Amino acid sequence: MSSSTTFGLTHAAQATSTAHESIQTPVKSVTPTDVMMTDAEKTDNRPLPNIDVLMHAVEANQRAAETIEKDYLYRSMWTLKELDGHGGVKKTETEEYDVFWIEGVPVHRLMKKSGKELSAEDQKKESERIDKEIVKVKEKRRKADEKGKETGPHGEEEVTVSRLLELGRFTNARRVEWNGRDTIAVDFAGDPNAKTKTRFEEVIRDMAGTAWVDEQDRTLVKAQGHFLNSFKIGGGLVVNIQKGTSFSMEQRKVNNEVWLPAMVEGQGDARTLLFFNLHGSVQGVESDYRKFKATSTIVPVESTVPSTPPTK
C-alpha cells in the first residue's frame, strides 16, 4: 500500500499533502468517542470480520483501485481560509486542479487560481513543473528498485498493513450504516513506544482516529483522525504541525467499479518551510470524474453516491 493511498488515517493525512503539496493544514480534534452509534449499530448482532484480515483485504483492494484510477481524470477544488487574530476570515483563496496519471505518476495540474484561468506564461510554468515532477518520481522509483524496495505512486516508501499494525492497533470494530451501505468502523491508536524507521512512520505512530470500511467492497470510504503530539521536521522550520491537528476524508464509488476521492478537509494552525504560515482551514472537493478511452476521448461517468460531500 502506498503512503499516498494508505487506508484509514494515513490515507487522509497523505491525501491532503498529495493533492495540494504546498499545504500542511491541521483541523480541530475529533476522537472516536465523537462518533455516535446508530440504532442499526446497537441492534445488529451479525458477526463482525476479524480486524487484521479486514485491513489486509482493504490493502489489496486499494492496490487494485490505484490501477483503475489511472483511467480517470477529475477536478479537484481546494479552498483555503486564513483567519485573523479574532477568528474572522482574513483571506480566502481557491485553486482548481485537473488530476490524472502520466507514465504511472499521479499529476495535479493547476487550472484556475481564485476563479481565474492561468495565463499562457503560468500554463507553461505549470507544464514544466509537472515534467520535472514526473522525472523526479521516476528517478526515486529507480533508486528504490535498485535497493529492492517497493514504492508508491509518488516514489515514496510504502507502509504495509503488517507494518501499520506494528506502529499501532485497530480496535473496537462495529457495523455502521453510511450513505445507505454497511460499513465496518474501527478505531486506530498509534503506539508511542513503537520503533520507527522513517519520518512518515513517526506521523503514523502519533495519530489516532477512526476508519470506515465498506463491508461489501472491503474498501476505505471514510476516515478522520488527529495528532496526539506536535510534529516537527527540521526543528519546525520545514514542517510544524501542532498537537490536536486533525483531518478527515471521504471516498465515493464511481462508475460502479472503483472508490475514488470525494473530500479532504482540515483546519487549524500549521507552518511549512520558512515562508508558509497558516491559521485557518482548507477543504478539497473532488468531482467531475471522466474516463479516458483508447481513442483519447473523455467521457463523463456517474458515481453511486452524491457528488457533494454529506453535510457534517
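Student: Val53 and Thr67 are described as exposed, on the other side of H3. What makes a residue exposed rather than buried?

Tutor: Exposed means over 50% relative accessible area, buried under 20%, and partly exposed in between, with a 1.4 Å probe and protein chains only. Val53 and Thr67 of H3 are in the exposed class. This is a predicted model, in which local features need pLDDT of at least 70 and side-chain atom pairs count only at pLDDT 80 or more, while totals for chains, interfaces and linings use all residues. Residues are numbered from 1 along each chain as its sequence is written, and side-chain values use heavy atoms, with hydrogens and water left out.

Student: Which residues of H3 are buried, and why are they said to be on the same side?

Tutor: The buried residues are Ile51, Leu54, Met55, Val58, Glu59, Gln62, Ala65, Glu66 and Glu69. They cover an arc of only 145° around the axis (taken from the directions from the helix axis to the C-beta atoms), so they lie on the same side of H3.

Student: How do you know that the span of H3 agrees with its number of residues?

Tutor: H3 (residues 51-69) has 19 residues and should span 27 Å; the expected span is 1.5 Å times one less than the number of residues. The end C-alpha atoms are 26 Å apart, so the two agree. A helix here is a DSSP run of H or I with at least four residues, a strand a run of E with at least two, numbered from the N terminus.

Student: What makes Asn50 a cap of H3?

Tutor: A side-chain oxygen of Asn50 lies 3.0 Å from the backbone nitrogen of Asp52, at the N-terminal end of H3. A polar contact is a pair of N or O atoms within 3.5 Å; within protein, one must be able to donate a hydrogen and the other to accept it, and residues adjacent in sequence count only if both atoms are side-chain atoms.

Student: Why is Arg163 called buried?

Tutor: Its relative accessibility is 13%, so Arg163 counts as buried. Arg163 lies in helix H5 (residues 161-167), and its side chain makes a polar contact with that of Glu166 at 2.5 Å. The backbone oxygen of Lys195 is 2.8 Å from a polar atom of the Arg163 side chain.

Student: What makes E5 and E6 a pair?

Tutor: Two strands pair if DSSP finds at least two bridges between them. Strand E5 (residues 168-178) and E6 are joined by 9 bridges and run antiparallel. One bridge partner in E6 is Gly190, opposite Gly168.
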